[in-house]
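Please open the model in a viewer and keep a selection tool at hand. The tour proceeds by stops, each giving a selection and a description of what is found there.

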Amino acid sequence: MGKVVLGVTVGVAVAACAVAALVVGRRVRSRKKWKRVVGVLKELEESCETTVGRLRQVVDAMAVEMHAGLASEGGSKLKMLLTFVDNLPSGSEKGIFYALDLGGTNFRVLRVELGGQRSNVDPDVEQQPIPEQLMTGRSEDLFDFIASTLHRFVEKGNDSVQYSITKELGFTFSFPVKQTSVSSGVLIKWTKAFAIKDMVGKEVAGALQQALARKGLNMRVAVLVNDTVGTLALGHYHDADTVAAVIIGTGTNACYWERTDAIIKCQGLLTTSGGMVVNMEWGNFWSSHLPRTSYDIDLDAESPNPNDQGFEKMISGMYLGDIVRRVILRMSEESDIFGPVSSRLYVPFALRTPAMAAMHEDDSPELTEVARILQDVLDIPDVPLKARKLVVKICDVVTRRAARLAAAGIVGILKKIGRDGSGGIAGGRSRSDIKMRRTAVAVEGSLYTQYTMFREYLHEALHEILGEDIVRHVVINVTEDGSGTGAALLAASHSSSGSVQLISFYTVGASNNDDGDEQMTETSTTDRPGVARTEEEEQEHQRMAHVTYLLNAIVDNEQMKFFIFPKLPTQCDNSQSSMAANIEVTMAETHADLKILLKKRPRRLSKLVGGLQRLKLTVINLNVTTADEMALYSISVKIEEGCRMNTADEIAESVEQVLLGIQQEAGFS
């Protein structure tokens, strides 16, 4: 009996040990799996890190790419498209104006009545779906349908169809267009569900204008714009300090007000206002300073437009949810923390950004909304609380990166136009001698307006980049319906405007008079009559014509004082070099900005530009400001292949040697 009891006791003990070993083994394996998942999260956090230093590098890169995009077509990932909008609404507009907004399967017609003195804008709006057959048929049928809808809309508003005075219409057309004037543009291609072949390569506003005439509408298409430009117009109508507009929604873009003289790639451009709205198409911005992850690389490779719209893929609502999906998928593949891998996790864009935002902002103790979305959207049931918390953290990391990068992009625009308090100094260092002006930025888009955490992270980054002293001068204003109301306001501000002129292009060369000043001379289109240039000769010709243009612009405008730099001191620090020159160089990837302060000398500028070319530094923008006997040269250059200088100090030393050589050649003491 005793042996039986002993045997039973031993058996129970062995079984208990086995169970304990099994439990311990499971716990060890569980810890290892959890450790792998935490490792994935840590890797994500490190890859998405956006320190203030990195954000300021993005700011500098954005400003440099803007300079390059204004200097030449194809000179930058930023297209920097001319809109020919040279007159933003002031609030004094009066009258009745209309707008059409065509950008998808629905289009809208709007009517606004303005009473001056920045009166409230309360538009009448009607939305109309476009029949599917019209989206793939003939252009005439589409525009006749739109004109008929507008005709009925006008009649409902008790406006006479046969106007004694032509009514002005703003047309928002959200498809790729080559703008040729403020009210005309050629369709490059259709997107979305449109495929009307006979319209490609044709003038868009003209097609609409003809349809309006066929329907008996006495209306003129006053402006052809995109939604970002409309947002700037609406922002400026309510706040005259508005200088830029950003849309952060499903997609993203930005535009801003630029001085006409800074648009170097369009030499013959004249506006009575001295400025123009530039459509940046900033979704295509790229820089090595952007914190890119393996998930971004995979998303880009699998997208319909790989190696394109890199900035948009990191910050816009179209992509944030899918980045989170990819992270959850990897965690699921490396552990069973979410149970068996759901097939839904392999479906691109199965998790949309609104659902991601809802999980991120779930503040319930048990994260019930997170559990619901994981089950309903991704087919992942019964997720434990600690795994739900992990999902919230993933959403936070991805959203924080996006918002902070968007903030850096905004500051990049402010830096380009001298509104960031740095005086053009790279790295975001503020200068106490610069008087800051109040600056407003109009922002539209659901990602900013409806996603609280995104908005808070964006504002946080603005404070960090600009600093408290500067950021208090920068205002973010939310607008609503820039694509519709903004277009109507632009129709009002351009109702009698014919101010934008594009003079026929000519090639310029340089000659010197007896005093050694550069003069502009018109030249023929070839240096050898009747003989076409080779491709290499043409590139060299264009490069030299561009440099000559810069010099001519300086000669013509040196005393105009429209540059963004602060007033110069009347003397420079003689201790800086033997030639009494202050040289400051800042670098951002393959571009550099030079500021050279020294005494004015005749014929030195052209020799300096030539010296820079020999150093493999191609000039893309050049400004001169003078005060008394001093001159400040502000030069943006592209660092070409073969350049032996790798640091800002090396460039500064080489430039100083060029200036010393010029000085010795001229015999100046």
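Begin by selecting helix 5 (residues 227-238) and helix 15 (residues 482-493) in this predicted model. Their axes come within 7 Å and cross at roughly 65°, and the two helices are therefore roughly perpendicular to each other. Viewed as a pair, helix 5 passes helix 15 in a left-handed crossing. To display the contact, show the side chains of D227, V229, G230, T231, A233, L234 and Y237 on helix 5, together with G482, S483, T485, G486, A487, L489 and L490 on helix 15. Coloured by class, this contact has seven nonpolar, six polar and one charged residues.

Next, zoom out to the whole protein. How many helices and strands are there in the protein? The count is 18 helices and 21 strands. Of the 669 residues, 52% are buried. A surface representation corresponds to an exposed area of about 30500 Å², of which carbon and sulfur atoms supply 50%. For a contact map, consider pairs of residues at least 6 apart in sequence: 71% of these contacts join residues at least 24 apart.

The next selection is helix 8 (residues 320-334) with helix 11 (residues 385-416). Two packed helices are described by the angle between their axes and the distance between the axes. Here the axes come within 10 Å and cross at roughly 140°. Is this pair roughly antiparallel or oblique? Angles over 145 degrees would count as roughly antiparallel; helix 8 and helix 11 are therefore oblique to each other. The crossing of helix 8 over helix 11 is right-handed. On helix 8, the residues to display are L320, I323, V324, V327, I328 and M331; on helix 11, they are L390, V391, I394, C395, V398, R401 and A402. The composition of this contact is 12 nonpolar, no polar and one charged residues.

Remain on helix 8 and select S332, which lies in that helix. Is S332 buried or exposed? Its relative accessibility is 5%, so S332 counts as buried. Leaving aside residues up to four places away in sequence, S332 touches F338, V341 and L345.

Move now to A408, which is placed in helix 11. The relative accessibility of A408 is 0%, and this residue therefore counts as buried. Which residues does A408 touch, not counting those up to four places away in sequence? They are L55, V58, V59 and I465. Add A61 to the selection and draw a C-alpha to C-alpha distance: A408 and A61 are 9.9 Å apart in space, although 347 residues apart in sequence.

For the last stop, select helix 9 (residues 353-360), which is mostly covered, with six of its eight residues buried. Those buried residues are T353, A355, M356, A357, M359 and H360. To see what surrounds them, show helix 8, helix 10 (368-376), helix 11, helix 12 (446-449) and helix 13 (452-466), against which the buried residues of helix 9 pack. Helix 8 and helix 11, the oblique pair visited earlier, are thus both among the packing partners of helix 9.

Note on methods:
Residues are numbered from 1 along each chain as its sequence is written. This is a predicted model: local features need pLDDT of at least 70, side-chain atom pairs count only at pLDDT 80 or more; totals for chains, interfaces and linings use all residues. Side-chain values use heavy atoms; hydrogens and water are left out. Helices (H or I, at least four residues) and strands (E, at least two) are DSSP runs, numbered from the N terminus. Buried means under 20% relative accessible area, exposed over 50%, partly exposed in between (1.4 Å probe, protein chains only). Contact means heavy atoms within 4.5 Å. Accessible areas come from the Shrake-Rupley method with a 1.4 Å probe; for residues, only the protein chains shown count as cover. Axes are lines fitted to C-alpha atoms, for helices over the stretch in contact, and angles run from 0 to 180 degrees between N-to-C directions. Angles under 35 degrees count as roughly parallel, over 145 as roughly antiparallel, 65 to 115 as roughly perpendicular and the rest as oblique. A crossing is left-handed if the near helix is turned anticlockwise from the far one by less than a right angle, and right-handed if clockwise. Ala, Val, Leu, Ile, Met, Phe, Trp, Tyr, Cys and Pro count as nonpolar, Asp, Glu, Lys and Arg as charged, and the others, Gly among them, as polar.
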